[in-house]
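Visitor: I'd love a close look at a single strand in this structure, taken residue by residue. Could you walk me through one, along with its surroundings?

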Amino acid sequence: MKLSKLSFAVVTALTASVTTSAFALDLYVDTKTKQIFAEPGKGRQKLGAFEKVDEAAHTTSHASNFVHNEHAIQETESEKAEINKIEHDLELKGNEIKALEEHIAANKESAAKNDEKWFNKISLRGYTQLRFNQPLTGDRHATATDPELRTPGDGGVKDNAGFGFRRVRLVFSGDVNDYVSLYLQPDFAASVSGGSDANNFVQLRDAYADLAFDKKHEYRIRAGQSKVAFGWENLQSSQNRLTLDRADALNSAVPSERDLGLFGYWSPSDVQKLWKELSKKGLKTSGDYGVLGLGVYNGQGLNRSETNDDLYLVAHSTYPIELNFLGSFFRGQVLEIGADAISGKFNTPTAAITPFVGVDGFNGKTAFTPTSLGGKNGIREERVGVHAVLFPQPFGLQTEWNWGEGGTLDAAQKKITSQGLSGGYVQAMYKIDKVLRSDDSIIPYAKWQTYDGAYKGANNAPRVSVEEIEAGVEWQMMKALELTVAYSTMDRTNVTNLGQASGDMIRTQLQWNY
């Protein structure tokens, strides 16, 4: 028969009671005599139940307690030793951490000092332009009755042309300190005279230092070989320019746009900020050449030695105006206007020339070398120019014009004399953002240019007549890649033989920026 839980508890309690009684002894004391009795009786009072003590067990218990205490003491000493060891390890770790922190601090200080070195502040960037021109109609080949169509702005406009590098540029720039900045730009796609295999030579384009008088660089002097601040499009980098080539009328004043000299610029902080904001919007500024500028330079052209004792002078002015005051329609629009002037004596390089048949009565076979009426001192060139640019947001307009006089070939007299010049361009464009990507844009444009005057970048400074219309579109696929496709109709003077040539062509350019 199975016991219930309650029954089992009762049995357990009784068993415990019996077991206790079996080993306990009741004692009584007589209240009068104080004697101890093992049995109850008259006048006896129960003292209680007493158990017999086992001496061996008692001794063992004491021993056990002693051992336990000994173990406790040993454990306490072990714990103290362990604690001491941990504290020692922590102290060592603390010293290691302190040493590591000192090492890191020293490295930071060393890195900070290293960052102050100018060569660690130099940045490297650049761009490459690959072009292909496809003639459609006109004077593709030189014949007895038609000269070959050529343009100084693009050596790829010629007979038997294919793919060619227009520019392969690297730019090294940076701040040496708060007051001195440097800029160095070579071009790896330069051409030299000497035949069909004279392409892709390295040529120095820019090498100058900006010497600022304040940390904001509002006042600075540019020393070295750099762009001459005449015109607006001339100052615009080819990396940013919308059209494929610069207009002849303004570019003929400073072929290759650069010369060696000293230039002083003033750029107020608010104007610097506005130009930077326009650039961040993807708009094509001309760069910071000051609101006002004044300079002296050799005037003989890029990478050419000075040939007379007369230096060129240039004066430059431009100012961007925010048109918000004209109302909501013009909110965010910016109009930049300005004027420039140059003056100096230029020694025209002379060489034998054979004018094309019909030019001033020449038969296309008679060659001559002209003489300059300026002699060794050169002929004075003076020009003034104006510009106005409405940045495309989304519609934009751009125009420049210049007038003046300078040394020009007179083929009939076989001399280089001072003659007048004039010309300019008008350009319209429209900017469309986020066409296929969140960061792309398309800018359709149309440009008309005209020029009648000397092109001093060529031998003998021939007088040229230029009429050209270019219509195209630039697709800025992303910051690193751009594609331009344009249609051009040209009527130009060939500077090598003075013949007038014309033609239509499709021109393309792929540009990658890095």
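Guide: Happily! Let's take strand 10, residues 292-297, in what is a predicted model. Its side chains alternate between two faces. Gly293, Gly295 and Tyr297 point to one face and are buried, while Leu292, Leu294 and Val296 point to the other face and are not buried.

Now for the neighbours. Strand 9, which covers residues 258-266, pairs with strand 10 in the antiparallel sense, over 6 bridges. Strand 11, residues 312-322, is also joined to strand 10 by 6 bridges, and these two strands run antiparallel. Leucine 292 is a handy place to see both pairings: tryptophan 266 stands opposite leucine 292, and leucine 292 in turn stands opposite serine 317 in strand 11.

For another strand residue, turn to threonine 128 in strand 4, which spans residues 123-138. Threonine 128 has 5% relative accessibility, so it counts as buried. Its side chain makes a polar contact of 2.8 Å with the side chain of tyrosine 514. Leaving aside residues up to four places away in sequence, threonine 128 touches Phe165, Arg167, Val168, Leu510, Gln511, Trp512 and Tyr514.

Finally, a word on the empty spaces. The whole structure holds 5 cavities of 30 Å³ or more, and the largest has a volume of about 140 Å³. This largest cavity is lined by 17 residues, of which Leu242, Lys284, Pro392, Gln398 and Met429 are the closest to its centre. By class, its lining has 8 nonpolar, 5 polar and 4 charged residues.

Key. Residues are numbered from 1 along each chain as its sequence is written. This is a predicted model: local features need pLDDT of at least 70, side-chain atom pairs count only at pLDDT 80 or more; totals for chains, interfaces and linings use all residues. Side-chain values use heavy atoms; hydrogens and water are left out. On a 1 Å grid over the protein atoms alone, a cavity is a set of points where a 1.4 Å probe fits but cannot get out, and a pocket is an open set with protein on both sides within 12 Å along at least five of seven lines; lining residues have an atom within 4 Å of a point. Grid points are joined across faces, edges and corners, and a volume is the space filled by probe spheres set on the points. Ala, Val, Leu, Ile, Met, Phe, Trp, Tyr, Cys and Pro count as nonpolar, Asp, Glu, Lys and Arg as charged, and the others, Gly among them, as polar. Buried means under 20% relative accessible area, exposed over 50%, partly exposed in between (1.4 Å probe, protein chains only). Helices (H or I, at least four residues) and strands (E, at least two) are DSSP runs, numbered from the N terminus. Two strands pair if DSSP finds at least two bridges between them. A polar contact is a pair of N or O atoms within 3.5 Å; within protein, one must be able to donate a hydrogen and the other to accept it, and residues adjacent in sequence count only if both atoms are side-chain atoms. Contact means heavy atoms within 4.5 Å.
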